[in-house]
Amino acid sequence: MTELLDLSTPLLMGILLGGLYVLIALGLSLVFGVMKLINVAHGDLVILGTYFTFSLMSGELLGHKYLVISNLGIDPILSLVIVMPLLFAIGYAIQKFLMSRAFGISMEAPLIIAFGISLIIQNTCQRLWTPLSRGLTPPYALESFSVGALRVPLIYLLDFIVALIVMLALREFLRRTYLGKAINAASQDKRAASLMGINNNRVYAFAFGIAMAIAAIAGVFLGLTFPFNPTSGVSFLIIAFGVIIVGGLGSMLGTFIGGMFLGLAQTFGGYFLGATAQMLVLYATVLVVLAVRPQGIFGR
Amino acid sequence: MRFTIPQLKLSVRLILLIVIIIVLAVLPVIGLPQQWLIYIRLFCIYLAIANMWNLLCGYSGLISLCQPAFIGLAGYTMIMLAWVGIPIYVGIIAGAIVAAIFALLISVPVFRLRGIYFAIGTLVVPEALKYVFLLWKPVGGKLQGGGAGYVLKGAGEFSTAEVYWLALVIGLASIFLMWFILRSKLGLGLAAIRDNDTTAASSGINVFRLKLFSFIIGAIVTGIAGAIFYISQAAIEPTSAFNIKWTMICILAAVIGGLRSQAGPIIGTLIVVFLHFALARYVGYSLIIQGIILVGVMLVAPHGIMGAVRKSRPYRSLVQLASRH
Amino acid sequence: MEKHTQETSQDALLKVSNIDVFHGSFQALWDVSLEVKPGEMLALIGANTSGKSTLLDTISGLLHPTKGSIEFEGKDISALDPFLIVELGISQVPEGRRLFPEMSVLDNLIIGSYNRKARPKREQNLKQVYGHFPILEERKNQLAKTLSGGEQQMLAIGRGLMADTKLMLLDEMSLGLAPIVLDKLYRALREIRERGITILFVEQNVRRTLQEADRAYILESGRVVLSGTPAELQEEEDVRKAYFGV
């Protein structure tokens, strides 16, 4: 009986953690689905969102506190009101001014440019907020609750719930609104889309912006769940990539399952091989999945 | 295609080349200031890495983000062997072999991927290795930095000149290697592959094998360059060995200079080394600026300096002149 | 019968004047001129390599002429982006239909009304489309890829109509469709024309086309070689020889 109980912790935690990973992967998946571009700067953009939130919460920038009313930081979830539009604008600009030109240049260009952006963001964060590891720690981030005999951090549950909400919201947006349908259309057939009167460039820019807005949400919850530093972005890019590879592209359900898969891989890896091996297990999983089935389980 | 000086004949160019090499070789002996030796040493190391990246990305169509893996592995191999008393020169060779074997091993999963998938697959590798070496402390010894950092035993026995010459050798070797490969059957095959994978395959070219050759050769030379770098540093630790900075160096150098050109990496590396030292004071900003330059160059002059040169009028008339002789 | 001379009628809906169009370095159209009069059913006939699809793509803005001009309702559209041209009232039903396969019939139609001028008229246009093609209303929640060839063509035309179009460009509508299905489609096209919509259609099948068209242009290797009414064209010896083997 105790055997079962022991496995249930990593099981539950893995599923809930998977929610966070789905949230992080959604933005990457949207951009890839629409523009067939894997944004290698995605992880760093998520972390940028986390840092913006951190800055608003702690009032810190470049080592100084800039919020006049000290110790009255803005709650991370509330700060989304500012951070989401901010990241949306950044995403919109990146697509409109940088990526759109990159597509016409060569096959490697978007990748190299995204790589450049990735490094710019990493090092800008390092300059603005030092390389130290940080965390978003409002009181509720440290709470936990009981499920039977298990204690689960509250934030993991929040991650999962928010992931579900965002997934559903995105799905409805894509299905019901004109812009959402246009994004869908442009990702299925670019040429036909422009013959329908769709301005592809604008649609792409909006899609990127929306993806970044979602990344902002992901960033906040990531910061609430884990400590982070300027170089954390790469890990989360790899995880997000793993999620969409497992789940295949163009399928929300697939992305969800992908997230669960990786969350469970991490928690079970940690359970059997120790906490320090968790990341390695994750990376190994991604490599294995890449090697075995690049088009994913639900791939189109 | 080389930027040829039309009037000079082959033998004259050859003599010029030998003179340059001799001059470079005697520099440490004739009392050039230490700082210059360091510049040239770093230039040669970076050049080797940049040339190999050009071979992979520019000529073989492999956007490899796992170069740091080879650098770190070769470096660690050499240092770990030094701890058990094996001479450093042997360690370098061992490092190269380890890098080659590793390249062979990861080619199995990673070569099944194309384009962007390949790139991200290769991105995972150095990250994973970083964790491996942070956790694995194989040789009980002095730890430095945040994890399994090691000092290179016996590094002190190397004079500045010796390290300089090692670097010079690998730097020049990389140039000759590129020159040689591009004229060989391998080079021809690579050109075909780069244009169109499937067409090349249907003409009987073993695409996989050629790409693998490039990958392994790239791994070996990059590994050696990395090992030599760590001789000059006399210590290694995981976060710096497998750092994305290495990837940035080779991408930036190759892109600025011009992918798919032989002179490109040379020019690009010159600029990167210059930047490296010019920005050394502004520690935090160096990579930001490099990133901005990379994005800027890609947008404005995607074929780099050599690409711009080739398109320019003086160059084209020069080439026309040359072809008439 | 004019052997491709320039008309100077002022009431042309669409006027293409002496355009050259390139695909990369390959020249696809040479000094092409044509006119579409309001309300007419104009045919463009030619073989695969004649450049007729290129001409449609150029009118739609996917390609731009390097020489000459294209005027729609008196306004020069030769440099405009495709989505702006749709907004002005030119809508293309592309070759092979190019529906959005993973979207429902209804969604495909709705996306047709994406441009700003068409959106407020969406329900109105939708009713009209269902009027022309009742089967689309029946199947409105099905995915586009599950429809038959004929139904897909109807959907493609319906989608084009949703853009509140004045001039509809039809690229090779009859490809792969049975004569009975074609009859239905042409009947619908007649209904559509009764509403005042002009149609420029591109075909390879000459006989059927000449039955339906008011006028036709014949393209060969990127040049207009003949134009006129079907009666005039049928008298022309070249046409008879080339297309009817007489």
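This talk goes through a predicted model with chains A, B and C, beginning with how the chains meet and ending in the nonpolar core.

Let me start with the chains. Two pairs of chains touch, and the pair with the most contacts is A and B. Chains B and C do not touch, and their nearest C-alpha atoms are 18 Å apart.

First, A against B. Here 35 residues of chain A are in contact with 32 residues of chain B. On the chain A side, four helices supply at least two residues each: α3 (76-105), α4 (109-129), α9 (232-247) and α11 (278-292). Which of them gives the largest share? That is α4(A), with 13 residues. By residue type, this side of chain A has 25 nonpolar, seven polar and three charged residues.

Now A against C. This contact takes 15 residues from chain A and 19 from chain C. On the chain C side, α2 (82-88) and α3 (105-112) each supply at least two residues. The chain C residues that touch chain A divide into eleven nonpolar, four polar and four charged.

Next, chain C by itself. What does chain C hold in the way of helices and strands? There are ten of each. Its radius of gyration is 18 Å, close to the 18 Å that the globule rule gives for 246 residues, so chain C is as compact as a globular protein of that length. The C-alpha trace spans about 50 × 40 × 35 Å along its principal axes. Of the 246 residues in the chain, 46% count as buried. If you take the contacts in chain C with a separation of 6 or more, 70% of them come from residues 24 or more positions apart.

Please look at the sheet in chain C. It is an open sheet of six strands with mixed pairing, and the order is β6-β7-β8-β3-β9-β10. At the edges are β6 (90-93) and β10 (223-228), each of which pairs on one side only. From one strand to the next, the twist averages 20°. As general background, strands of a sheet pair through backbone hydrogen bonds, either parallel or antiparallel.

We can walk through some of the pairs, starting at the β6 edge. β6(C) and β7(C) run parallel and are joined by four bridges. Within that pair, Val93(C) has Leu170(C) as its bridge partner in β7(C). β7(C) and β8(C) also run parallel, joined by five bridges. There, the partner of Met168(C) in β8(C) is Ile199(C). Further along, β3 (residues 41-46) and β9 (residues 215-220) of chain C pair in the parallel sense over five bridges. Ala43(C) has Ala216(C) as its bridge partner in β9(C).

Two helices of chain C belong with this sheet. Helix α1 (residues 52-60) lies across β3, β6, β7 (167-171), β8 (198-203) and β9 of chain C, and runs at about 150° to β7(C). Helix α6 (residues 149-161) of chain C packs on the sheet too, touching β6 and β7, and its direction makes about 170° with that of β6(C).

Back to β7(C) for a moment. Is this strand enclosed or open? Five of its five residues are buried, so β7(C) is largely enclosed by the rest of the structure. Leu167(C), Leu169(C) and Asp171(C) point one way from the strand, while Met168(C) and Leu170(C) point the other way.

Last topic, the nonpolar core. In soluble globular proteins, nonpolar side chains tend to be buried together. The largest nonpolar core in this model has 282 residues. The members that touch the most others are Ile24(A), Ala207(A), Tyr46(B), Ile49(B), Ala99(B) and Ile228(B). Helix α8 (residues 200-225) of chain A gives the largest share of this core, 19 residues.

Take Ala99(B) as one example. Not counting residues up to four places away in sequence, Ala99(B) touches Phe70(B), Leu73(B), Ala74(B), Ala219(B), Ile220(B) and Gly223(B).

A second residue to look at is Phe221(A), which lies in helix α8 of chain A. Why does Phe221(A) count as buried? Because Phe221(A) has 30 C-beta neighbours inside 10 Å, and 20 is enough to count as buried. Leaving aside neighbours within four places in sequence, Phe221(A) is in contact with Leu20(A), Leu23(A), Leu158(A), Asp159(A) and Val162(A). Gly274(A) is 53 residues from Phe221(A) in sequence, and the two are 24 Å apart in space, C-alpha to C-alpha.

Technical notes: Residues numbered from 1 in each chain as written. Chains lettered and ligands numbered in written order. Predicted model: local features only at pLDDT ≥ 70, side-chain atom pairs only at ≥ 80, totals over all residues. Rg over C-alpha atoms; globule rule 2.2 N^0.38 Å. Buried ≥ 20, exposed ≤ 12 C-beta atoms within 10 Å, placed from the backbone. Contact = placed C-beta atoms within 7 Å. Nonpolar A, V, L, I, M, F, W, Y, C, P; charged D, E, K, R; others polar. Pairing = 2+ DSSP bridges. Axes fitted to C-alpha atoms, helices over the stretch in contact; angles between N-to-C directions. Core = buried A, V, L, I, M, F, W, Y, C linked by C-beta atoms within 7 Å.
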